[in-house]
Amino acid sequence: MSNDQAGQGVNHVQGGSYRVALILITSLFFMWGLSYGLLDVLNKHFQEALEVSKAQSGLLQAAYFGAYFVVAVPAAVFMERFGYKPGILLGLGLFAVGALLFIPASSAASFALFLFALFVLASGLGCLETAANPYATILGSEEGAARRLNLAQSFNGLGSFVGPLIGGTFFFSTAANEATGAVAEVAGFDGVRITYIAIAAVVVILALLIARIPLPDIRESDASTQMQSLPLSQQRHYVNGVITLFFYVAAQVGLGAFFINYAMDHWGSMTASKASYWLSVAMLCYMVGRFVSTALMKVIAPRVLLAWYALVNVVLMGVVVSGIPVWSVIALVLAFLFMSIMFPTIFALSLERLGSRTKRGSSYLIMAIVGGAIAPSLMGWIADNSSIEQAFWLPMGCFVIVFWFAKRGSRVV
């Protein structure tokens, strides 16, 4: 695309189709939030439908977040060469293909095929995450960039809230025992298949709409803006940030992956379907926490708020590990409220004063999401060999690391 064509694209987007473009880009945040919300319900579903252990079910998160690690650099190279719009379309294409792969996976009832489908789907999401953030910031005035990005991220929280509701409604059906008349939940594959076919259809529609909307080409050249700065490996606050983000994502994904298992074990006659709805309540707390905490940051420094939230979550994990009936489940729900600001705040503090190395630094931070691929399998192994309560020592340790980063590790020296 020539500079003139790119300029025409920018003018057109900022003109009559600006709002449409912003809505389409914001919808991407909702879609990967929805996908993540469904993932935690699939974890419990496959334990029942495919009779896999908790450790094996943790491989779902390993495939999902491992794809982010694998695709981050190739996606960045692709977009540097061809632009962000082709990158978005590539991401949507992989997203749709991964969703459609749930059809043969569910027909064969193959856990391995489900893992492959999730890997392909998450590879598409990795492309989308790399592209959507900068688009959300440029589609309008410069002074409104932060507000637009926060709005888009809030829709990510909305998708994470809706996902467990959909999974709880369609992934589990009820069946009556002829001998006893008791009603039990059955984990079949019809609901999974229909859900992901619907997702694929929506993604294809989004891709067609985005293909028709003239979006600006925002590839940039660093040659004219090079700034003298230390290598990333010598920027202590940045290195600490990458490490902290790895452990934070491990904690977040681990909490979601075994939320349903924990709730069913610690709240009377809780069923998988009802526990899925409680997971949606947790995601709602996560979304509300983001709105409220963003407002609090006007009067409280982000580092201070991050430290307090991390400390509260350490205490809440102590309640979870104690296994107190009902109250431990409520503590687990509240942990999502205090996780709300952690990812974006760690991300932002890590990038402070990186100058021309900010773009490269961002890509490595995205790769740190691989922490979410490791924690569920490890927590599942602990749960299988000890108890589900003991598995939550791991996220407690992760929140201790977040607290340290907020207090000391994030200081620019």
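Here is a friendly walk, in questions and answers, through a predicted model of a protein.

Me: Let's start with the overall make-up. How many helices and strands are there in the protein?
Reply: Happy to start there. The chain has 413 residues, and 53% of them count as buried. As for secondary structure, the protein has 19 helices and 2 strands.

Me: What share of the contacts with a separation of 6 or more comes from residues 24 or more positions apart?
Reply: Those contacts pair residues from separate parts of the sequence, at 24 or more positions apart. One pair of residues with such a separation is I213 and L24, which are 189 residues apart along the chain, with C-alpha atoms 9.3 Å apart. For the protein, the share is 81%.

Me: Which atoms supply 65% of the area that the protein exposes?
Reply: The exposed area of the protein is about 17700 Å². The 65% share of it comes from carbon and sulfur atoms.

Me: Where is the kink in α4?
Reply: Helix α4 covers residues 59-82, and its 24 residues reach 33 Å from first C-alpha to last, close to the 34 Å expected. The kink is about 45° and comes shortly before the proline P74. Its place is V71.

Me: Is V71 in α4 buried or exposed?
Reply: Helix α4 has a list of buried residues that includes L60, Y64, F65, Y68 and M79. V71, where the kink lies, is on that list too, so under the 20% cut-off for relative accessible area it is buried.

Me: Which residue follows α4, and what is its phi?
Reply: Past the end of α4, at residue 82, comes a glycine with a positive phi. That residue is G83, and its phi is near 105°.

Me: Which residue forms a salt bridge with R193?
Reply: The structure holds 1 salt bridge. Both of its residues lie in helix α9, 3 residues apart, or about one turn of the helix. The closest N and O atoms are 3.0 Å apart, and the partner of R193 is D190.

Me: Is D190 buried or exposed?
Reply: The cut-off for exposed is over 50% relative accessible area. R193 has 21% and is partly exposed. D190 has 51%, so D190 is exposed.

Me: How far does α9 reach from its first C-alpha to its last?
Reply: Helix α9 has 23 residues, for which 33 Å is expected at 1.5 Å a residue. Its buried residues include V192, Y196, I199, V203, L206 and I210. The reach of α9 is close to the expected value, at 34 Å.

Me: Which residues does I213 touch, not counting those up to four places away in sequence?
Reply: I213 is in the loop between α9 and α10. With a relative accessible area of 14%, I213 is buried. Leaving out residues up to four places away, I213 touches V20, A21, L24 and K85.

Me: Which residues form a nonpolar patch on the surface together with F291?
Reply: F291 belongs to helix α12, which spans residues 272-296. Its relative accessible area is 48%, so F291 is partly exposed. The patch has about 510 Å² of accessible area together, and the residues joining F291 there are L284, V288, V292, L296 and V299.

Me: Is R290 in α12 buried or exposed?
Reply: R290 sits in helix α12. Leaving out residues up to four places away in sequence, R290 touches Q153, S340 and P344. Its relative accessibility is 9%, so R290 counts as buried.

Me: Which helices are among those that cover the buried residues of α19?
Reply: Helix α19 runs over residues 393-409, and its buried residues include L394, M396, F399, V402 and F405. The cover for its buried residues includes α10, α13, α14, α15, α17 and α18.

Me: Which residues does N240 touch, not counting those up to four places away in sequence?
Reply: N240 is found in helix α10, one of the helices covering the buried residues of α19. At 13% relative accessibility, N240 counts as buried. Its contacts, leaving out residues up to four places away, are W404, F405 and G409.

Conventions
Residues numbered from 1 in each chain as written. Predicted model: local features only at pLDDT ≥ 70, side-chain atom pairs only at ≥ 80, totals over all residues. Heavy atoms only, no water. Helix = DSSP H or I, 4+ residues; strand = E, 2+ residues; numbered from the N terminus. Expected span 1.5 Å × (residues − 1). Bend = angle between axes of the 7 residues up to and from the residue. Buried < 20%, exposed > 50% of the residue type's maximum accessible area, 1.4 Å probe, protein only. Patch = residues over 30% accessible without salt bridge, like charges linked within 9 Å, V, L, I, M, F, W, Y side chains within 5 Å. Areas by Shrake-Rupley, 256 points an atom, 1.4 Å probe, with all protein chains shown as cover. Salt bridge = Lys/Arg side-chain N within 4 Å of Asp/Glu carboxyl O. Contact = heavy atoms within 4.5 Å.
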